[in-house]
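Trainee: Could you take me through the largest pocket in this structure, up close? I'd like to know what lines the largest pocket and where it lies.

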Amino acid sequence: MTTASGYGSEGYGYIDGEYVSMSEMRLPVTDLGFQLADMCYDALHVHEGRFFRMNDHLDRFEHAIAERRYDTLGLDRDDFAEILMACVGRSGLRNSMVNIVATRGSPESGHKDLRSCRNRLMVWALPYYSVVSEEETKNGCDIVVADTIRIPPEAVDPTIKNYGRLDFVRALFEAYDKEARYAVLLDGEGNVTEGRGWNIFALDSGHLISPDEGVLQGITRRTVVELAEKLNIEAKLEKLLVDRMRGAEEIFLTSTAGGIVPVKSIDGKSVGDGNVGPVTQRLTDMYWELHEDDAYTTPVEYN
């Protein structure tokens, strides 16, 4: 049950074929999405009444469903789009974060044969929120490099969004213990991966670099690569050693929940002069300008 105020107190959802208020959203405890984290999801945002890059998010979600072998949903891409639209439309929210989730569903018996489950779809639209505070979005956030390593992609495919995030949980408590709020994780070889809910970019010698392995292929990350090309800045997806990141001229995070977020320090050491860098600022401006472009946006059909 949602609380009277706070996260999840506003908005509208869909579950088991019905549209309901957020307070009525219920997942059975027998659903293996809860018991085994056997699920996948995608997160979209609505800005001033328009979905941003909706088709790209649906492409990724369809891929995730296929990889998870959720073949009993009984819904297709057009249905997903219709439900997303309806949740936002019923909520009346002009700026919203919208999650679409598929779970394995509940098994027929305690043996928990995955093949016996009826897959479940849930969607909910909440007021828009960011992975960082409004002040940090404007002036930069502080991050730490966690000792906890990212779950290897050979074990869990990071290109499929999921809620199996205990590595991030452990890393965040490392950050809290250092009086920080955000942590980036490395892989077993000391390469930078990502944080909870965001990709990361480093500007080094005029080149933008974002990790290419062990990470989600973020939609905002893709947008930044496209925008960088327009600025004649080479943006490369490749291995990023932690020492190279520490010496970067600028660093920023990318997320559907927040857009482009400057990083002002790592482990207490300033990035550059500690202010928002010119490349980060220019990309941020261009990113939000795209939200007025019909080629990137889909208008919500409000009831």
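Mentor: Here's a walk through that pocket, with a quick look at the runner-up afterwards. Keep in mind that this is a predicted model.

Let's start with the space itself: the largest pocket holds about 920 Å³. Its lining is made up of 42 residues, and the ones nearest the centre are Y41, V131, R165, R196 and G197. As for secondary structure, the elements that each put two or more residues into that lining are the strands β3 (39-47), β5 (96-103), β8 (182-186) and β12 (250-255), along with the helices α5 (166-177) and α6 (219-230).

Now, where does it sit? Domain 1 (12-127) and domain 2 (134-291) both contribute lining residues, so the largest pocket lies between the two domains. Chemically, you're looking at a mix: 21 of the lining residues are nonpolar, 13 are polar and eight are charged.

For contrast, have a look at the second largest pocket, which comes in at about 520 Å³. Here 20 residues do the lining, with M25, R26, L27, M122 and W124 closest to the centre. Two or more residues come from each of α1 (32-35), β5 and β6 (120-127), and β6 is the top contributor with three. That lining splits into 15 nonpolar residues, four polar ones and just one charged. If you're tracing strands on screen, pause at β5: it's on the list for the largest pocket and also on the list for the second largest.

Key:
Residues numbered from 1 in each chain as written. Predicted model: local features only at pLDDT ≥ 70, side-chain atom pairs only at ≥ 80, totals over all residues. Heavy atoms only, no water. 1 Å grid on protein atoms, 1.4 Å probe; cavity = no way out; pocket = protein on both sides within 12 Å on 5 of 7 lines; lining within 4 Å. Points joined across faces, edges and corners; volume = space filled by probe spheres on them. Helix = DSSP H or I, 4+ residues; strand = E, 2+ residues; numbered from the N terminus. Nonpolar A, V, L, I, M, F, W, Y, C, P; charged D, E, K, R; others polar. Domains from an automatic or database assignment.
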